[in-house]
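Visitor: I have a model open and would like to go through it with someone. Can we take it piece by piece?

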Amino acid sequence: MTPQELARELDQPGARELLSGSMARLAYHGSDGFPRVIPVGFHWTGERVVVSTAPTSPKARSLAARPQVALTIDTGATPDAAKALLMRGLATLETVDGVTEEYLASARRSMDGAELAEFERAVKATYPQMVRISIEPLWARFFDFGAGRLPGFLADLVGDG
């Protein structure tokens, strides 16, 4: 996928809406060679997806060895409301002292006031260090099933392709 195609896909209004969320599913290669898919909190910087974790987490160890990942952000409980953003890319890892700013920024989107202050206090007391997993998207595809923006094979199946 060219950089222009990638930018066009990520600039879809529905894709931007999904990127403003806070939960995704991250797929990576586990240390035993089998794939893993896990829910993760994330922060979109406008160029990269950032996931933060403890230095001892299994995903940090596995991604250090095999940085290829896939990420899915989706919403909608019914087919006519379903939207999904699929991405593939490469992860880079950086261990930082304290809590990553992206982790706190993600929390600030859903909390404020005393609740946010208590969350930040607890997180800072828990994590002497964090690993910032910065994912560079190399491929992306946005689907809006309710608006008819379907995967090619499905569009062909229903006669819209």
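Guide: What follows is a short talk through the sheet, a few residues and the aromatic rings of this predicted model.

Visitor: Start with the record. What feature does UniProt place at residues 23-125?

Guide: The unreviewed UniProt entry puts "domain: Pyridoxamine 5'-phosphate oxidase N-terminal" there. That label comes from the record, and the annotation may be inferred rather than shown by experiment.

Visitor: And how much helix and strand is there over that stretch?

Guide: Over residues 23-125 the chain is 28% helix and 43% strand. The C-alpha atoms at the two ends of the stretch are 23 Å apart.

Visitor: OK, the sheet. What's the strand order?

Guide: The order is β2-β1-β5-β6-β7-β4-β3, in an open sheet of 7 strands with antiparallel pairing.

Visitor: Which are the edge strands?

Guide: Those are β2 and β3, each of which pairs on one side only.

Visitor: Take me inside. How many bridges join β5 to β6?

Guide: There are 8, and the two strands run antiparallel. β6 covers residues 83-97, and one facing pair is Gln68 opposite Leu90 in β6.

Visitor: And what about β1 and β5, how many bridges there?

Guide: 3 bridges join β1, residues 23-29, to β5, residues 68-75, again running antiparallel. Leu26 has Leu71 in β5 as its bridge partner.

Visitor: Now β3. Which residue in β4 stands opposite Trp44?

Guide: Val49 does. β3 and β4 pair in the antiparallel sense over 2 bridges, with β4 at residues 49-53.

Visitor: I was looking at His43. Where is that one found?

Guide: His43 is in strand β3, residues 43-44.

Visitor: Buried or exposed?

Guide: His43 has a relative accessible area of 16%, so it counts as buried; the cut-off for buried is under 20%.

Visitor: What does its side chain make a polar contact with?

Guide: The side chain of Arg109, at 3.0 Å. Leaving aside neighbours within four places in sequence, His43 is in contact with Arg48, Val49, Val50, Glu102, Ala105, Ser106 and Arg109.

Visitor: Over to the other edge strand. Is Val37 buried or exposed?

Guide: Val37 is exposed, at 58% relative accessibility. Val37 lies in β2, residues 35-41.

Visitor: Which residues is Val37 in contact with?

Guide: Arg25, Leu26 and Ala27, if neighbours within four places in sequence are left aside. Leu26 came up earlier as the bridge partner of Leu71 in β5.

Visitor: How far apart in space are Val37 and Asp97?

Guide: They are 27 Å apart, C-alpha to C-alpha, with their positions 60 residues apart in sequence.

Visitor: Change of topic: rings. How many aromatic pairs are found in the whole structure?

Guide: The search finds 2. In one of them, Tyr103 and Phe119 are stacked, 6.1 Å centre to centre with 25° between the planes.

Visitor: Which parts does that pair tie together?

Guide: Tyr103 lies in helix α4 (residues 101-108) and Phe119 in helix α5 (residues 113-126), so the pair links parts 16 residues apart in sequence. Both rings belong to partly exposed residues: Tyr103 is at 25% relative accessibility and Phe119 has a relative accessible area of 24%.

Visitor: And why is the pair of Tyr103 and Tyr127 called edge-to-face?

Guide: Because the planes of Tyr103 and Tyr127 are at 65°, with the ring centres 6.2 Å apart; planes over 60 degrees apart count as edge-to-face. Tyr127 is in the loop between α5 and β7 (129-144) and Tyr103 in α4, so this pair ties together parts 24 residues apart in sequence. Tyr127 is partly exposed too, at 22% relative accessibility.

Visitor: So which residues form the cluster?

Guide: Tyr103, Phe119 and Tyr127 form one aromatic cluster.

Visitor: There's also Trp139. What sits over its ring?

Guide: The charged end of Arg88, 4.0 Å from the ring centre.

Visitor: Last one, Glu101. What does it touch?

Guide: Glu101 touches Arg108 and Arg132, not counting residues up to four places away in sequence. Glu101 is found in α4 and is partly exposed at 44% relative accessibility. Glu101 and Arg132 are 31 residues apart in sequence and 9.4 Å apart in space, C-alpha to C-alpha.

Conventions:
Residues are numbered from 1 along each chain as its sequence is written. This is a predicted model: local features need pLDDT of at least 70, side-chain atom pairs count only at pLDDT 80 or more; totals for chains, interfaces and linings use all residues. Side-chain values use heavy atoms; hydrogens and water are left out. Helices (H or I, at least four residues) and strands (E, at least two) are DSSP runs, numbered from the N terminus. Buried means under 20% relative accessible area, exposed over 50%, partly exposed in between (1.4 Å probe, protein chains only). A polar contact is a pair of N or O atoms within 3.5 Å; within protein, one must be able to donate a hydrogen and the other to accept it, and residues adjacent in sequence count only if both atoms are side-chain atoms. Contact means heavy atoms within 4.5 Å. Rings of Phe, Tyr and Trp (its six-membered ring) pair if their centres lie within 6.5 Å; planes under 30 degrees apart count as stacked, over 60 as edge-to-face and the rest as tilted. A charge sits over a ring if NZ of Lys or CZ of Arg is within 6 Å of the ring centre and within 35 degrees of the ring normal. Two strands pair if DSSP finds at least two bridges between them.
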